[in-house]
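Work through the exercises below with the model open in your viewer. Try each task before reading its solution.

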Amino acid sequence: MAIKPIRVSQLNAYIKRVLQSDPLLGSVSVIGEISNLKFHGTGHVYFTLKDQNSKINCFLSAENFRFLRFELADGMEITAEGYIYLYEKGGTYSLNIRDIQVAGLGNLRVAFEQLKEKLAKQGLFDEKYKKPIPFFPNKIAVITSETGAAVRDIIKIIKQRNNIVDVLVYPVLVQGPNAAPEIAEAIRQVNLLFPETDTIIAGRGGGSMEELWAFNEEMVARSIFESKIPIISAVGHEIDFTIADFVADKRAETPTAAAQMAVPDILELKNTVLQLKNNLQHHLSSLVKSKELQLQRCNLEALTSKLENRIDLQKNHVDNQRKELVTLVNNLIYNNKIRMDSAKAQLEALNPRSIMDRGYSAITDSSGRLIRSVETLKIEAAFTAVLKDGSFEGTVTKIRKDE
């Protein structure tokens, strides 16, 4: 029996009620490949899930996306768990996703590469952010499973190498959905409650990629990057690389290697110090012997003789200088004496007294001026005649001038 015609909205409302009342469609898990992946500005995620023959639109709310443990990418095969929802206005339905699981090595590798590329672009792997691992730590914090072999190996190696350092074990889950939040929180708690810790070792023993996945989650990577305390990652074996390894300040191939990296070997240090001491003593001994040989080559007697010869040479040089100076002074005195005797003889020759000795006299007027010519004489003028042994007075009575 046909029902009477109904409106489109009535039909869509009816279908929506049918869909939402179906227990299977209210909680369904769908396996498919992601395509047409879009991240909306509101934080919601839209994509299509498809297989070889069909496809369905999917919606992942921002709230659920925040707790997602994987980076989504086109081509990744996932298992999406959610419920069927009908959009009445558009008459379309979609799978509204509550959670996503990723299975298979290929899909995990895609998620790994997606997160690695994202964090690398944000600089979380840059060397400039790497903190140095202290060489002489006082305290080491180990964040790992308290029941795993890794914690036993780490403690054993640390105590074998260095029985001075204090070891704090902070137990966490290292695999499963709750592992990543516990590891991230443990790193933050150690920084907050035990800031005196010198180094943190975070890791676990070997396992499959799925078992190691907690160390590939973004929340763990960011807690490592934000840690003020240097962190050594020690996850799995040498061939296992996780996102935590790229962010950590140092990567150890294994938990055992992390323990060896975290503390110095006291016995090796003692041997090294002893070797340095022996080298130093040997060097000093060789140096002393070398100096002794140099001293012996100096020959003190030869040095004394050499100095005496140099002193004698200097004395002879000074004596010669003295003799040359005396000769120079004597010559100077002799020459000056000759010049003085000559000058004296000249003065003696010009002395009027010497002329008077030869019978000459000097005539002066009444003022004592020497009369040199008859032109200055006058009749009756008084004069004085000076001889070698006296003088006499007279007056001019007659003047005769030579022709």
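Is Phe-125 buried or exposed? Phe-125 is buried, at a relative accessible area of 15%. The cut-offs are these: buried is under 20% relative accessible area, exposed is over 50%, and partly exposed is in between (1.4 Å probe, protein chains only).

Two ground rules come before the exercises. This is a predicted model, where local features need pLDDT of at least 70, side-chain atom pairs count only at pLDDT 80 or more, and totals for chains, interfaces and linings use all residues. Residues are numbered from 1 along each chain as its sequence is written, and side-chain values use heavy atoms, with hydrogens and water left out.

**Exercise 1. Compare the two annotated domains.**

Step 1. Take the ranges from the record. The unreviewed UniProt entry lists "domain: OB-fold nucleic acid binding" for residues 7–101. The record also gives "domain: Exonuclease VII large subunit C-terminal" for residues 124–324. UniProt positions use the numbering here, feature names are shortened, and annotations may be inferred rather than shown by experiment.

Step 2. Read off the secondary structure. Helices (H or I, at least four residues) and strands (E, at least two) are DSSP runs, numbered from the N terminus. Residues 7–101 are 24% helix and 47% strand. Residues 124–324 are 54% helix and 12% strand.

Step 3. Check the end C-alpha atoms. They are 40 Å apart for residues 7–101. For residues 124–324 the separation is 92 Å.

**Exercise 2. Trace the aromatic contacts of Phe-246.**

Step 1. Set the rule. Rings of Phe, Tyr and Trp (its six-membered ring) pair if their centres lie within 6.5 Å; planes under 30 degrees apart are stacked, over 60 edge-to-face, and the rest tilted. The count comes to eight aromatic pairs.

Step 2. Start with Phe-112. Phe-112 and Phe-246 form a tilted pair, 6.5 Å centre to centre with 55 degrees between the planes. Phe-112 sits in helix H4 (residues 105–121) and Phe-246 in helix H8 (residues 243–247), 134 residues apart.

Step 3. Add accessibility. Phe-112 is buried, with a relative accessible area of 3%. Phe-246 is partly exposed at 24%.

Step 4. Move to Phe-125. The ring centres of Phe-125 and Phe-246 are 5.5 Å apart and the planes are at 35 degrees, so this pair is tilted. Phe-125 lies in the loop between H4 and strand S6 (139–144), while Phe-246 is in helix H8, so the pair ties together parts 121 residues apart in sequence.

Step 5. Collect the group. One aromatic cluster is formed by Phe-112, Phe-125, Phe-241 and Phe-246.

**Exercise 3. Sort three salt bridges by context.**

Step 1. Recall the principle. Side chains of opposite charge can pair when their charged atoms come close. The criterion is a side-chain nitrogen of Lys or Arg within 4 Å of a carboxyl oxygen of Asp or Glu. It yields 16 salt bridges.

Step 2. Take the long-range case. Asp-265 bridges to Arg-161, with the closest N and O atoms 4.0 Å apart. Asp-265 is in the loop between helix H9 (255–262) and helix H10 (266–298), Arg-161 in helix H5 (residues 149–161), 104 residues apart. Both Asp-265 and Arg-161 are buried.

Step 3. Take Arg-251 and Asp-245. Their side chains form a salt bridge at 3.6 Å, N to O. Asp-245 is buried, at 6% relative accessible area.

Step 4. Take the pair within one helix. Asp-319 and Lys-323 form a salt bridge, the closest N and O atoms being 3.5 Å apart. They are four residues apart in helix H11 (residues 300–350), so about one helical turn separates them. Asp-319 is partly exposed at 29%. Lys-323 is partly exposed at 44%.

Step 5. Note the network. Glu-71, Lys-118, Glu-218 and Arg-222 are joined by salt bridges that share partners.

**Exercise 4. Find the buried face of helix H7.**

Step 1. List the buried residues. In H7 (residues 218–226) they are Val-220, Ala-221, Ser-223 and Ile-224.

Step 2. Look down the axis. The buried residues of H7 fall within an arc of 165 degrees, so they line one face of the helix. The arc is taken from the directions from the helix axis to the C-beta atoms.

**Exercise 5. Locate Ile-183.**

Step 1. Place the residue. Ile-183 lies in helix H6 (residues 179–193). Ile-183 is buried, with a relative accessible area of 1%.

Step 2. Check a distance. The C-alpha atoms of Ile-183 and Gly-203 are 9.1 Å apart, with their positions 20 residues apart along the chain.
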